[in-house]
Amino acid sequence: MINNITFNVNGRRWQTTRETVSNYPGTVLYRLINDPRFVGQEPTINRDGDLFKYVLGFYRNKGVICVPPCVGGATVQNELVAYGFDGNKIVVTPENEHRLATVFLAP
């Protein structure tokens, strides 16, 4: 089975591993990489390609991401919900001394 996965998000290509996406079964990305219709293909997602780096970072960092104020924690939270995360478990903290909000998945 191929370990590297490339997603085309509104024309931008993002690469990660199957292992990273498998951290969150039941989410949109997990379902895409396990859908037999997409074996050997590059799934295309009609979402914001710029915000996808935060979604992918959330997967990579196992449910924790820092977000700059120009993006906003609530914006990333909404994007994560669109990708299948439970909005009731996503916590957004206020900006810290480095002007970053933290978005994390509550247990």
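Which loop does Asn10 lie in?

**Figure 1. The hairpin of S1 and S2 in the predicted model.** Asn10 lies in the loop that runs between S1 and S2. These strands form a hairpin, and two residues separate them. The phi angle of Asn10 is near 50 degrees, a positive value in a residue that is not glycine. With a relative accessibility of 51%, Asn10 counts as exposed. Strand S2 covers residues 12–17 and runs antiparallel to S1, to which six bridges join it. One of the bridge pairs is formed by Val9 and Arg12, with Arg12 in S2.

**Figure 2. The open sheet of three strands.** The strands are ordered S2-S1-S3, and their pairing is mixed. S2 and S3 (44–45) stand at the edges of the sheet. Each of these two has a single partner strand, so one side of each has no neighbour in the sheet. The pairing of S1 with S3 is parallel and consists of two bridges, whereas S1 and S2 are antiparallel. Where S1 meets S3, Asn8 has Thr44 of S3 as its bridge partner.

**Figure 3. Helix H1 and the residue Glu19.** Helix H1 consists of residues 18–21, and Glu19 is found in it. Glu19 counts as exposed, at 60% relative accessibility. Glu19 and Asn3 are 16 residues apart along the chain, and their C-alpha atoms are separated by 7.3 Å.

**Figure 4. The largest nonpolar core.** In soluble globular proteins, nonpolar side chains tend to be buried together. The largest nonpolar core of this model has 26 residues. Phe7, Leu29, Phe52 and Leu80 have the most contacts inside this core. At least two core residues come from each of S1 (4–9), H2 (28–33), H3 (52–60), S4 (64–67) and H4 (73–82). H3 gives the most, with six residues. What is Leu29 in contact with, leaving aside its neighbours within four places in sequence? Its contacts are Phe7, Val21, Ile45, Phe52, Tyr59 and Tyr83.

**Figure 5. Helix H3 and the loop after it.** How many of the nine residues of H3 are buried? Seven of them are, so the helix is largely enclosed by the rest of the structure. The buried residues are Phe52, Tyr54, Val55, Leu56, Gly57, Phe58 and Tyr59. Just after H3 comes Lys62, with a positive phi of about 50 degrees. Lys62 is a residue other than glycine, and it lies in the loop between H3 and S4. At 59% relative accessibility, Lys62 counts as exposed.

**Figure 6. The buried side of helix H4.** Gly73, Val76, Gln77, Glu79 and Leu80 are the buried residues shown in H4. They cover an arc of only 165 degrees around the axis, which puts them on the same side of H4. An α-helix has 3.6 residues a turn, so residues three or four places apart point the same way. The buried residues of H4 pack against H3 and S4. They also pack against strand S5 (90–92) and strand S6 (101–105). After H4 comes Gly84, with a positive phi near 100 degrees.

**Figure 7. Two cysteines without a disulfide.** The structure holds zero disulfides. Why is Cys66 not bonded to Cys70? The closest cysteine sulfur to that of Cys66 is in Cys70, and the separation of 13 Å is too far for a bond. A disulfide requires the two sulfur atoms to be within 2.5 Å. Cys70 is likewise in no disulfide, and the nearest cysteine sulfur to its own is that of Cys66. Cys66 is partly exposed, with 39% relative accessibility. Cys70 is exposed, with a relative accessible area of 72%.

**Figure 8. The region annotated as a domain.** UniProt, in an unreviewed entry, places the feature "domain: Potassium channel tetramerisation-type BTB" at residues 5–88. Over residues 5–88 the chain is 35% helix and 20% strand. The C-alpha atoms at the ends of this stretch are 28 Å apart.

Terms used
Residues are numbered from 1 along each chain as its sequence is written. This is a predicted model: local features need pLDDT of at least 70, side-chain atom pairs count only at pLDDT 80 or more; totals for chains, interfaces and linings use all residues. Side-chain values use heavy atoms; hydrogens and water are left out. Buried means under 20% relative accessible area, exposed over 50%, partly exposed in between (1.4 Å probe, protein chains only). A nonpolar core is a set of buried Ala, Val, Leu, Ile, Met, Phe, Trp, Tyr and Cys residues joined through side-chain atoms within 4.5 Å. Helices (H or I, at least four residues) and strands (E, at least two) are DSSP runs, numbered from the N terminus. Contact means heavy atoms within 4.5 Å. UniProt positions are given in the numbering used here, feature names are shortened, and annotations may be inferred rather than shown by experiment. The arc is that of the directions from the helix axis to the C-beta atoms. Two strands pair if DSSP finds at least two bridges between them.
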